Amino acid sequence: MESLVPVEDRGGPAQPLLLASGLRKHFPVPGGLLGRSGKVVRAVDDLSLSVAKGETLGVVGESGCGKSTVARLLIRLIKPDRGTMVLDGDPVDEPHGITVNELRRQVQMVFQDSYASLNPRLTIGETLAFAPKAHGLPAAEARARVRDLLDKVGLDPTNYAERYPHELSGGQRQRVNIARALALRPRLVILDEAVSALDKSVEAQVLNMLVDLKTELGLTYIFISHDLNVVQYLSDRVLVMYLGKIVELGSVEAIYGDPQHPYTRALLSARPSMDPRRRTKEAPIQGDPPNPIDPPSGCRFRTRCPFAEDVCARAEPPLADTGAQAVACHMRIAGSGHSKAVAT
Amino acid sequence: MSNLLQVRDLHVTFVTPDRTVNAVNGVSFDVRRGETLGILGESGSGKSVTLRSILRLHPEHRTRWSGSIKLEGDEILTMGRGALSDLRGQRVAMIFQEPATAFDPVFTIGHQIAETVRRHTGKGEADSWTRARELLEMVRIPSPAQRLKAYPHEMSGGMRQRAMIALALSCNPSLLLADEPTTALDATVQIQVLLLIRELQRELDVGVIFVTHDIGVAVEVSDRIGVMYAGKIVELAPVEQMVDAPRHPYSRGLLASTVHDGMRGRRLEAIPGAPPDLAEVPTGCSFALRCKFVQSNCVARPPDLREVGGSHLVRCVLVDAQEAGVAA
């Protein structure tokens, strides 16, 4: 039996590690006659993205924007209604590609709730050895791997392997979850609000650790968070979502330095000021995000956008490349019919 | 500005057959009318317990407390049932993190606000509904007449939080307690609610105590900020001083470990370790175990809260030593 060596790079550095195209997930809404209301939550709508080897792709957006659904689709915890995925050249779940199981060996995930994601009846050591054993690693080697993993996440193996999840603090439990995600030596780790529940002083410890592990193990991250500051700190590229759609995608410098989409701008200026002399005077946009069950026609942001015009209700803006970043806004598309559209 | 609330040497201990938790260990502060005091702390620091003590919301049979909490001169900790009932809602009101659970799901928003108005002010049915409508207008809820008839689940999170602020302000309290009221809200909605609280506080000239774990939020709303750690205020200062020149090693660590603009690529200054277990009353400084400036006299006895000028208070032996050095 192979002893679970890391998966080799295949396509070289230029080939994206993960390519997803046209991903769509609509959840039926229960209720109505015979439990079929006919309504759907359009959680993710025709979303395409690529993740380069060794980068950190940040995903930001408010609740209901579909960012967690994207994470679950990418690791196939839920099956997409449509769309394809390619992992380092291999199509996923297709005749000549790799199986979903193989995908999950190479792509792992860390969730927000550190307690709910651990089995309360297993010791930390048993939890960490579970997946390697399931993939055929002999018991002795699995024990060695547990020690190595705990060591990597800064927990003393002799002290922690025998403990149960309830005996650990939130920060320690999240370290265990990260160790478990690394147990099969994955190439891509999806961090879904992984530090959001931690106190600030502990969050900083875990962020430092994530940066170290990435370098040490040559990992690629997808970092999903509602905290724009943390995303800016970790990410190389940033994807901004609103109601199941990508509204803007670009380098962290472009997104934070020169945001183009009105929603990205609003999101950035809604961050509380850290300077008491320059407090926020006015909220950038009013109201709450609409319900994803019935998203607005055309551009989904138009109901809260200060620049909305007729064209925004009629046509859905495609994600168009503007040089430094890609933006889905009629104002950035020449000849779109918006009065503020860029000149050709 | 006169003193509205005076808290002195407050201790709160929860006792159950299994364990004892010393949640608050000697907290003192004042709140003036028209002022917002931010209380900043991590989970388990005692910030919410302190806040809830002001309304005596803790289960009586499991809570032991000592010290004093005076609102406009009236002692709250020894208050009788009748006075306590007048205090809650009428003189002191509170808004919570999760408005969905703070409202009763089976009654409309209007019904719940009007009921509160009738109960505390003795207004009639029609007048109480008029007042409810005015309140929804005051918190900038669009089409308030229709919204009165809405049930809590029919409103978005931001709207519900506005409605809860309306309910809290319905009887013109002199003190508003806010327990992480924007933590569950989306970023673009959070800033709207923060600005609303700030505006209403000025308009109505109420005192506000705003508990949060988020420094940015505290900076947006507070006139002064108190930093809590392990059941004590370790530093209390006007907001500018707290941001520009924090003196306590924990406040400094907290500010340094909070990620913000321009930190990309730099290593974060994390505070090692985790907060202490509150089962035992600490013999020395509670932060000593995690502090990089720890000295032998830190663990000998708990340091006092000392004034370091300009209503800036710090609880640290280092500051004692520095001040002594300056004086000598």
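This is a short talk on a predicted model, taking in two chains, A and B, that touch each other.

I'll start in chain A, with strand E7, residues 188–192. Five of its five residues are buried, so the strand is largely enclosed by the rest of the structure. Which residues cover each side of E7(A)? On one side there are A:Leu188, A:Ile190 and A:Asp192, and on the other A:Val189 and A:Leu191, all of them buried. As background, side chains in a regular strand alternate between the two faces of the sheet.

Now the neighbours of E7(A). Strand E6 of chain A, residues 107–110, pairs with E7(A) in the parallel sense, over four bridges. Within E7(A), A:Val189 has A:Gln108 opposite. Strand E8 of chain A, residues 220–225, also runs parallel to E7(A), and five bridges join the two. There, A:Ile190 stands opposite A:Ile222 of E8(A). What lies between E7(A) and E8(A) in the β-α-β unit? Helix H7 of chain A, residues 200–217, does, and the unit is right-handed.

H7(A) comes up again at the contact with chain B. Here 33 residues of chain A are in contact with 36 residues of chain B. On the chain A side, the elements that give two or more residues are H7, H8 (228–234) and H10 (262–269). Of these, H7(A) gives the most, with seven residues. By class, that side of chain A has 15 nonpolar, twelve polar and six charged residues.

Chain A also has an open sheet of four strands in the order E2-E1-E4-E5, with antiparallel pairing. Its edge strands are E2 (40–51) and E5 (90–91), each of which pairs on one side only. Inside the sheet, E1 (residues 18–28) and E4 (residues 82–87) of chain A pair in the antiparallel sense over five bridges. One position to look at is A:Arg24, which stands opposite A:Arg82 in E4(A).

Last, chain B as a whole. Chain B has twelve helices and twelve strands. Its radius of gyration is 21 Å, close to the 20 Å that the globule rule gives for 328 residues, so chain B is as compact as a globular protein of that length. Along the principal axes, its C-alpha atoms fill a box of roughly 70 × 50 × 40 Å. Buried residues make up 46% of the 328 in chain B. Among contacts in chain B between residues at least 6 apart in sequence, 63% join residues at least 24 apart.

Conventions:
Residues are numbered from 1 along each chain as its sequence is written. Chains are lettered from A and ligands numbered from 1 in the order in which they are written. This is a predicted model: local features need pLDDT of at least 70, side-chain atom pairs count only at pLDDT 80 or more; totals for chains, interfaces and linings use all residues. A residue is buried if 20 or more other C-beta atoms lie within 10 Å of its own, exposed if 12 or fewer, and partly exposed in between; C-beta atoms are placed from the backbone. Two strands pair if DSSP finds at least two bridges between them. A crossover is right-handed if, with the strands pointing away from the viewer, the path from the first strand over the helix to the second runs clockwise. Two residues are in contact if their C-beta atoms, placed from the backbone, lie within 7 Å. Ala, Val, Leu, Ile, Met, Phe, Trp, Tyr, Cys and Pro count as nonpolar, Asp, Glu, Lys and Arg as charged, and the others, Gly among them, as polar. The radius of gyration is taken over C-alpha atoms; the globule rule is 2.2 Å times the number of residues to the power 0.38.
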